[in-house]
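The exercises below are meant to be worked with the sequence and the model side by side. Please try each task before reading its solution.

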Amino acid sequence: MNQTRVLAILIFDDVEVLDFCGPFEVFSVANRFTDPPAFNVLTVAEQPGPVVTSGGLSLNPHRRLADCPQPDLLLVPGGLGTRKEMHNSTLIEWIRQASEKAELVLSICTGALLLAKAGLLDGQEATTHHGAIDLLRQTAPKTTIHADRRFVDNGRVVCSAGIAAGIDMSLHVVGRLLGKDVAEKTAKQMEYPWGQ
């Protein structure tokens, strides 16, 4: 019998909408093809109340850091807000602690900067949005950075390039965890052109 994994998607002010909504959609749609649902998809933020995204969308997170269940999968999106959150010791420490017991840690776009600050990319390979490659190299000097890859899978840590690349990475992760058939059905349901 399949288990339902807790997937916590971190959100913060000035998060890039598709960075978290694309994966949110992938993992939620994948649930249609599993019984019980494969993922309990939650958004989590540091503070209670609305989070305002990069495009001005206001949304209410499911949980706060303080009451988020231990994630099996931790997903850290990017956006302009990462430049501020890189220096948020509370958030970085939560990422570090939540990742310790997580099966997988995923980053989209400049979410890789937050993983780097938490020390999760040391000795790993990573990618990020093409406009932040140099910043990631500065932030993660012990990491091999790939500017030409849509995503990089290290096993436990998986990083994607910018924005829409997070959908490709999420489908890849669905395929890893649930099989290629579920990933293909998910992509077809989303009418997303995808091939492993």
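**Exercise 1.** Locate Ile163 and describe its backbone.

*Solution.* Start with the location: Ile163 sits in the loop that joins strand S11 (157-160) to H6, where helices (H or I, at least four residues) and strands (E, at least two) are DSSP runs numbered from the N terminus. Then read the backbone angle, since phi of Ile163 is near 50°, a positive value in a residue other than glycine. Residues are numbered from 1 along each chain as its sequence is written. The model is predicted, with local features needing pLDDT of at least 70 and side-chain atom pairs counting only at pLDDT 80 or more, while totals for chains, interfaces and linings use all residues, and side-chain values use heavy atoms, leaving out hydrogens and water.

**Exercise 2.** Find the loop that holds Pro36, and state whether the peptide bond from Asp35 to Pro36 is cis or trans.

*Solution.* Pro36 belongs to the loop between H1 and strand S2 (39-45). The bond leading from Asp35 into Pro36 is cis, with omega near 5°.

**Exercise 3.** Describe how H1 packs against helix H6 (residues 165-178).

*Solution.* First take the geometry: the axes (lines fitted to C-alpha atoms over the stretch in contact, with angles from 0 to 180 degrees between N-to-C directions) of H1 and H6 are 8 Å apart and make an angle of about 30°. This makes H1 roughly parallel to H6, a label given to angles under 35 degrees. Next list the contact, meaning heavy atoms within 4.5 Å: H1 contributes residues including Leu18, Val26 and Phe27, and H6 contributes residues including Ile167, Leu171 and Val174. Finally sort the residues by class, which gives 10 nonpolar, three polar and no charged residues for H1 with H6; here Ala, Val, Leu, Ile, Met, Phe, Trp, Tyr, Cys and Pro count as nonpolar, Asp, Glu, Lys and Arg as charged, and the others, Gly among them, as polar.

**Exercise 4.** Which residues join H1 (residues 17-30) to helix H7 (residues 180-190), and at what angle do the axes cross?

*Solution.* The axes of H1 and H7 come within 9 Å and cross at roughly 115°. Glu25, Val26, Val29 and Ala30 of H1 touch Val182, Thr186, Gln189 and Met190 of H7. Sorted by class, this contact of H1 with H7 has five nonpolar, two polar and one charged residues.

**Exercise 5.** Complete the set with H6 and H7.

*Solution.* The axes of H6 and H7 lie 6 Å apart, at an angle of about 145°. Among the residues in this contact are Gly175 and Leu178 of H6 and Lys180 and Ala183 of H7. The contact of H6 with H7 divides into eight nonpolar, two polar and one charged residues.

Definitions and conventions
Parallel < 35°, antiparallel > 145°, perpendicular 65-115°, else oblique.
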